[in-house]
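Open the model in your viewer and keep the selection tool ready. This tour goes stop by stop.

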Amino acid sequence: DSGNYVNCESHIINYSGDLYGKEVKIEFYSYLRDEMRFDSVDALADQIKRDIESAKDFFARLYGG
């Protein structure tokens, strides 16, 4: 039943391996933003950069880094 599943896309900062087909555990700490559509790949890449900075800032505050 597809009603029991949630799809989630994650970006692991500074990770370059291949996790397709692997089981991973994702923990949610903070909400970054709503789902968005982008007019171009460049616009998506720019947003990902902003999201990475937001995540780094969050964890720096959380762990005092």
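Is Tyr-15 buried, partly exposed or exposed? Select Tyr-15 in this predicted model. Its relative accessible area is 45%, so Tyr-15 counts as partly exposed. Tyr-15 sits in the segment before H1.

**The nonpolar patch**

Keep Tyr-15 selected and add Ile-12, Leu-19, Val-24, Ile-26 and Phe-28. Together these residues make a nonpolar patch on the surface. Their combined accessible area is about 580 Å².

**Either side of Tyr-15**

Now select Asn-14, also a residue of the segment before H1. Check its backbone: phi is near 65°. That is a positive value, and the residue is not glycine. Most residues other than glycine have a negative phi. Asn-14 has 76% relative accessibility, so it counts as exposed.

Step to Ser-16, which is likewise placed in the segment before H1. Ser-16 is exposed, at a relative accessible area of 75%. Draw a C-alpha to C-alpha distance from Ser-16 to Asn-4. The two are 12 residues apart in sequence and 30 Å apart in space.

**Salt bridges**

How many salt bridges does the structure hold? There are 2. Side chains of opposite charge can pair when their charged atoms come close.

Start with Lys-25 and Glu-27. Their closest N and O atoms lie 3.6 Å apart. The cut-off for a salt bridge is 4 Å, so this pair is within it. Colour the two by accessibility. Lys-25 is exposed, with 69% relative accessibility. Glu-27 is partly exposed, at 46%.

Go next to Arg-33 and Asp-51, whose side chains meet in a salt bridge with an N to O distance of 2.8 Å. This pair links distant parts of the chain, 18 residues apart. Arg-33 is in the segment before helix H1 (41-63), and Asp-51 is in helix H1.

Why does Asp-51 count as buried? Its relative accessibility is 14%, and buried means under 20%. Arg-33, at 29%, counts as partly exposed.

**Across to helix H1**

Select Leu-32, in the segment before H1. Leu-32 is partly exposed, with 48% relative accessibility. Add Ile-52 and draw the C-alpha to C-alpha distance: 9.6 Å. In sequence, Leu-32 and Ile-52 are 20 residues apart.

Where is Lys-56 placed? Look in helix H1. Lys-56 has a relative accessible area of 40%, so it is partly exposed. Add Ile-13 to the selection. The separation is 43 residues along the sequence, yet 9.0 Å in space, C-alpha to C-alpha.

**The largest pocket**

Last stop: show the pockets. Rolling a probe the size of a water molecule over the atoms shows where empty space is left. The largest pocket holds about 1800 Å³ of space. It is lined by 35 residues. Which of them are closest to its centre? Select Cys-8, Glu-9, Ser-10, His-11 and Ile-12. Ile-12 also belongs to the nonpolar patch.

Colour the lining by class to finish:

- nonpolar: 20 residues
- polar: 6 residues
- charged: 9 residues

Key
Residues numbered from 1 in each chain as written. Predicted model: local features only at pLDDT ≥ 70, side-chain atom pairs only at ≥ 80, totals over all residues. Heavy atoms only, no water. Buried < 20%, exposed > 50% of the residue type's maximum accessible area, 1.4 Å probe, protein only. Helix = DSSP H or I, 4+ residues; strand = E, 2+ residues; numbered from the N terminus. 1 Å grid on protein atoms, 1.4 Å probe; cavity = no way out; pocket = protein on both sides within 12 Å on 5 of 7 lines; lining within 4 Å. Points joined across faces, edges and corners; volume = space filled by probe spheres on them. Nonpolar A, V, L, I, M, F, W, Y, C, P; charged D, E, K, R; others polar. Patch = residues over 30% accessible without salt bridge, like charges linked within 9 Å, V, L, I, M, F, W, Y side chains within 5 Å. Areas by Shrake-Rupley, 256 points an atom, 1.4 Å probe, with all protein chains shown as cover.
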